[in-house]
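Me: Please take a close look at a single part of this structure and describe its surroundings. Keep the account plain, and connect the part to the rest of the chain where you can.

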Amino acid sequence: MKRKKGVSLLLTGSMTICLLAGCSNSDSENASSQKEALTKEESTLEQVLRVAVFEGGYGTDMWTDVVAAFETSHPGVTVELTIDKKIEDVISPGMKAGDYPDVVHLATGREAGLTETLTKEKALLPLTDVLDMMVPGEEVKVKDKIVPGFLDTLATNPYGDGITYYAPMFYGPCGLFYNAGLFEEKGWSLPTTWEDMWALGDEAAKDGISLFTYPTTGYFDAFTYAVLASAGGIDFFNRCMTYEDGIWESENASKVFQIIGKLATYTEETTVANANDDNFTKNQQLILDNKAIFCPNGTWLPGEMANAPRAEGFSWGFMPIPAVNAGESGYSFCFFEQMWIPAAAKNQDLAKEFVAYMYSDEAGKIFAASASPAIQPIVGISNYLTDDNKLFYSVYDNGANVVMGGFAATAPVEGVSMADTLFGTVNSIVSGDKTVDQWQTSVEEVSDKLREAME
């Protein structure tokens, strides 16, 4: 926590003048005592940090706990914490009037697109200097505390210029959740390729069980990223993320559209009707009721459905997205959320201190101990994982390939959204309102417009 220098400089000047004038020892002692008192008073001056947080599946208690711990470790600091499931609606009006939070925890990929909008408008504060800060309370730099690989993606460096604007938060492998008890009961084997998936879907249909469901189309980001990487490798994935001309019309991209198009025919029939923010848990419930086999999601799902009823013998299972090409391993997209500081934040130094604190062991333990554990990408975090989370986080240890990142930032393009076109259209594919060819053409058209606006 940085102190103001004005008082100290004035005191130093007054002491120097006193000495030159032949002040007595008593006067010097008094000046010294005065300096000590003022410095002590200065260090306890109230500082207010305004933090806005998206309330996801992890709940609110962990945030109030970590804020309390931060305040304890930083005397004189008060954190004004705002948490909401639609935090964009809460903070946007004030931001439009010039009243910005100091720190915001809000990932990309949200329907409102607030993080993307500020990114496109160059309205975020660079965080590269935070990486060279010492983690509060520890003798290690922030960049050395973060698990390798997280700072080298478009999901932290959205302009692809090596400068970090998003601090990585709460990571977890994304993949397909299923009822392991159902597989044991039926004697099924986990599919490793899409041919295996179709065969399983046909077999399950005989028992009235659908192969697939999804909470909302927003969950197709991690799903699609994994299929893209599986189809053409990481280089192909990155070319898609940077809107290369013609990339969405390529053979590898066509494989991805065709797979999702076929998967639509294996999707449980009530999925589209409930694929919204109000009813998405009904789709997730299909897995627990053995009405659908697979559901794409992240590691927060078991906590989110902890109190939901379930079929007898139910136990969580988790696997990567099946391989597109025979003989290869499947992919699991490593999702992580983001924290950032608005460029217009008033208390930027303390905001950076708060961001650095997110990578402390103290904060990591608090997040990991929450009812629905939130796992920070910090070295040694496995020491704090429960057995359930070790199951999910071991997916990479068991052979799955990892893919991270997202679309490159662009200048705003009115009426154009890759998320809406690439992911949001899935409902129309499942319902039959659009064809796969129409979908693929639309994505390429959006990619062309965004490539022209890429910075």
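Reply: Tyr243 is buried, because its relative accessible area is 3% and the cut-off for burial is under 20%. The model is a predicted one. In sequence, Tyr243 lies in the loop that runs between helix H10 (220-241) and H11. Its backbone carries a positive phi of about 60°, although Tyr243 is not a glycine.

One of the contacts of Tyr243 comes from helix H20. Ser447 is placed in that helix, and, with neighbours within four places in sequence set aside, Ser447 is in contact with Tyr243, Glu244, Trp248 and Met418. Ser447 is itself buried, since its relative accessible area is 0%.

Helix H11, at one end of the loop that holds Tyr243, also packs on H20. The two helices, H11 (residues 251-264) and H20 (residues 436-453), pack at an angle of about 135° with their axes 10 Å apart. H11 and H20 are therefore oblique to each other, as an angle has to be over 145 degrees to count as roughly antiparallel. Their crossing is right-handed. On the H11 side the contact is made by Ala253, Ser254, Phe257, Gln258, Ile260 and Gly261, and on the H20 side by Val436, Trp439, Gln440 and Val443. By class, the residues of this contact comprise 6 nonpolar, 4 polar and no charged.

A positive phi in a residue other than glycine is also found at Asn290, where the value is near 60°. Asn290 is in the loop between helix H13 (280-288) and strand S7 (292-297). Asn290 counts as buried because its relative accessible area is 17%, and the limit is under 20%.

Another buried loop residue is Leu127, with a relative accessible area of 2%. Leu127 sits between helix H5 (114-120) and helix H6 (128-131). Apart from neighbours within four places in sequence, its contacts are Thr164, Tyr165, Tyr166, Ala167, Met339 and Ile341. The C-alpha atom of Leu127 is separated by 9.1 Å from that of Val355, a residue 228 residues apart from Leu127 along the chain.

A second helix pair can be set beside H11 and H20. Helix H3 (residues 61-73) packs with helix H16 (residues 361-368) at an angle of about 160°, and the axes are 9 Å apart. H3 and H16 are therefore roughly antiparallel to each other, the threshold for that label being over 145 degrees. The crossing of H3 and H16 is right-handed. H3 contributes Met62, Trp63, Asp65, Val66 and Ala69 to the contact, while H16 contributes Glu362, Ala363, Ile366 and Phe367. The contact of H3 with H16 has 7 nonpolar, no polar and 2 charged residues.

For the protein as a whole, the secondary structure consists of 20 helices and 10 strands. Of the 455 residues, 52% are buried; Tyr243 is one of the buried residues. Among contacts with a separation of 6 or more, 75% are between residues 24 or more positions apart. The accessible surface comes to about 20,400 Å², and carbon and sulfur atoms account for 49% of that area.

Definitions and conventions:
Residues numbered from 1 in each chain as written. Predicted model: local features only at pLDDT ≥ 70, side-chain atom pairs only at ≥ 80, totals over all residues. Heavy atoms only, no water. Axes fitted to C-alpha atoms, helices over the stretch in contact; angles between N-to-C directions. Helix = DSSP H or I, 4+ residues; strand = E, 2+ residues; numbered from the N terminus. Parallel < 35°, antiparallel > 145°, perpendicular 65-115°, else oblique. Left-handed = near helix turned anticlockwise from the far one by under 90°. Contact = heavy atoms within 4.5 Å. Nonpolar A, V, L, I, M, F, W, Y, C, P; charged D, E, K, R; others polar. Buried < 20%, exposed > 50% of the residue type's maximum accessible area, 1.4 Å probe, protein only. Areas by Shrake-Rupley, 256 points an atom, 1.4 Å probe, with all protein chains shown as cover.
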